[in-house]
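Grab a pencil and have a look at the structure below. A few short exercises follow, each with a solution worked out step by step.

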Amino acid sequence: MATQFQHRLVGTLVLVSLGVIFLPDVFDGEKAHYQENYEAIPLREDFDTELLTAPVEAPEDVEAFMPQEPVTVTIDESNESDESEPAPVAQVEDSSPKAGYQDSAWIIRLGTFRNIENAKNLVSTLRGKGYPAQLMPRDVKQGELARVEVGPNVSKDKLEAMTADLESLTGLKGQLLRFNPLNP
């Protein structure tokens with residue numbers, strides 16, 4: 001025979017299990033199911049076919065003159081004291097490129113990075129330490145590579161002295177290269 005305590009225990013278990021099963025559905029309320037309606041974009045039946053047959057105008061040709069060699073401008077200001085004289089005349093002279101411009105500046109290339117964020121962090125660290133560092137994009141089409149460079153500087157000896165400091169600071173052994181302003 002079952003005691004009164006066992007009857008109460010079984011009754012409580014039945015009520016709790018029914019509450020666990022049915023109460024979430026009662027309190028959840030009415031469930032609404034949303035379904036998005038997709039409609040196809042209809043084709044335009046009133047399309048103007050004259051647009052397809054209209055000729056495309058050719059671009060305009062513009063004559064432009066660019067000198068083959070660099071140009072320097074000299075201003076003759078020998079008539080400064082007399083105001084009645086005409087204004088100074090500017091003379092344009094062709095000048096050949098300087099023979100030593102390729103040797104005029106140097107850079108230290110610390111490395112080429114695939115992760116742009118790492119390169120930006122390195123540049124900000126170097127700038128914080130007082131180095132003239134910049135980020136040069138190398139080839140955007142082939143996966144976003146970026147070069148970190150220090151310089152340019154006219155003094156090759158000064159940059160050579162910096163390489164040891166940069167290596168101890170960053171752990172990267174930099175290359176000392178000539179700076180080419182036309183193809184950085």
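## Exercise 1: A charged trio

Arginine 147 has a relative accessible area of 10%, so this residue is buried. Keep in mind that we're working with a predicted model throughout.

**Task.** Work out which residues are joined with Arg147 into one salt-bridge network.

**Solution.**
- Step 1: Start at arginine 147 and look for its partner: its side chain meets that of glutamate 149 in a salt bridge, at 3.5 Å from N to O.
- Step 2: Move on to glutamate 149, whose side chain also meets that of arginine 109, here at 3.4 Å from N to O. Arginine 109 sits in strand β3 and glutamate 149 in strand β5, so this pair ties together parts that lie 40 residues apart in sequence.
- Step 3: Check the burial. Glutamate 149 counts as buried, because its relative accessibility is 2% and the cut-off for buried is under 20%. Arginine 109 is partly exposed, with a relative accessible area of 23%.
- Step 4: Put it together. The structure holds two salt bridges, and through shared partners they join Arg109, Arg147 and Glu149 into one network.

## Exercise 2: Reading the fold

**Task.** Find out how many helices and strands the protein has, and in what pattern they follow one another.

**Solution.**
- Step 1: Count the elements: you should get four helices and six strands.
- Step 2: Walk along the sequence and note the pattern, which reads α-α-β-β-β-α-β-β-α-β.
- Step 3: Now ask how far contacts reach. Taking contacts between residues at least 6 apart in sequence, 59% join residues at least 24 apart.

## Exercise 3: Strand β3 and its partners

**Task.** Say which strands pair with β3, and in what sense.

**Solution.**
- Step 1: Try β5 for a start: it pairs with β3 in the antiparallel sense, over six bridges.
- Step 2: Then try β6, residues 175-178, which runs antiparallel to β3 and is joined to it by four bridges.
- Step 3: Pick isoleucine 108 as a reference point. Its bridge partner in β5 is valine 150, and in β6 it is leucine 176.
- Step 4: Look at how covered β3 is: six of its eight residues are buried, so you can call the strand mostly covered.

## Exercise 4: Inside the core

**Task.** Identify which residues of the largest nonpolar core touch the most other members.

**Solution.**
- Step 1: The core has 15 residues, and the ones touching the most other members are Ile108, Leu110, Leu126, Val148, Val150, Met162 and Leu166.
- Step 2: Trace where the core comes from: β3 (106-113), α3 (116-128), β5 (145-153) and α4 (156-170) each supply at least two of its residues.
- Step 3: Zoom in on valine 150. Leaving out residues up to four places away in sequence, its contacts include Ile108, Leu110, Leu126, Tyr131, Pro132, Met162 and Leu166.
- Step 4: Step back to the whole protein, where buried residues make up 15% of the 184 residues.

## Exercise 5: Out on the surface

**Task.** Is isoleucine 21 buried or exposed, and which nonpolar residues share a surface patch with Ile21?

**Solution.**
- Step 1: Locate isoleucine 21 in helix α1, residues 4-28.
- Step 2: Its relative accessible area is 52%, so isoleucine 21 is exposed.
- Step 3: Gather the patch: Ile21 is joined by Val10, Val14, Val16, Leu18, Val20 and Phe22, and together the patch has about 650 Å² of accessible area.
- Step 4: For context, the accessible surface of the protein comes to about 16200 Å², with 54% belonging to carbon and sulfur atoms.

Notes. Residues numbered from 1 in each chain as written. Predicted model: local features only at pLDDT ≥ 70, side-chain atom pairs only at ≥ 80, totals over all residues. Heavy atoms only, no water. Buried < 20%, exposed > 50% of the residue type's maximum accessible area, 1.4 Å probe, protein only. Contact = heavy atoms within 4.5 Å. Areas by Shrake-Rupley, 256 points an atom, 1.4 Å probe, with all protein chains shown as cover. Core = buried A, V, L, I, M, F, W, Y, C linked by side-chain atoms within 4.5 Å. Salt bridge = Lys/Arg side-chain N within 4 Å of Asp/Glu carboxyl O. Pairing = 2+ DSSP bridges. Patch = residues over 30% accessible without salt bridge, like charges linked within 9 Å, V, L, I, M, F, W, Y side chains within 5 Å.
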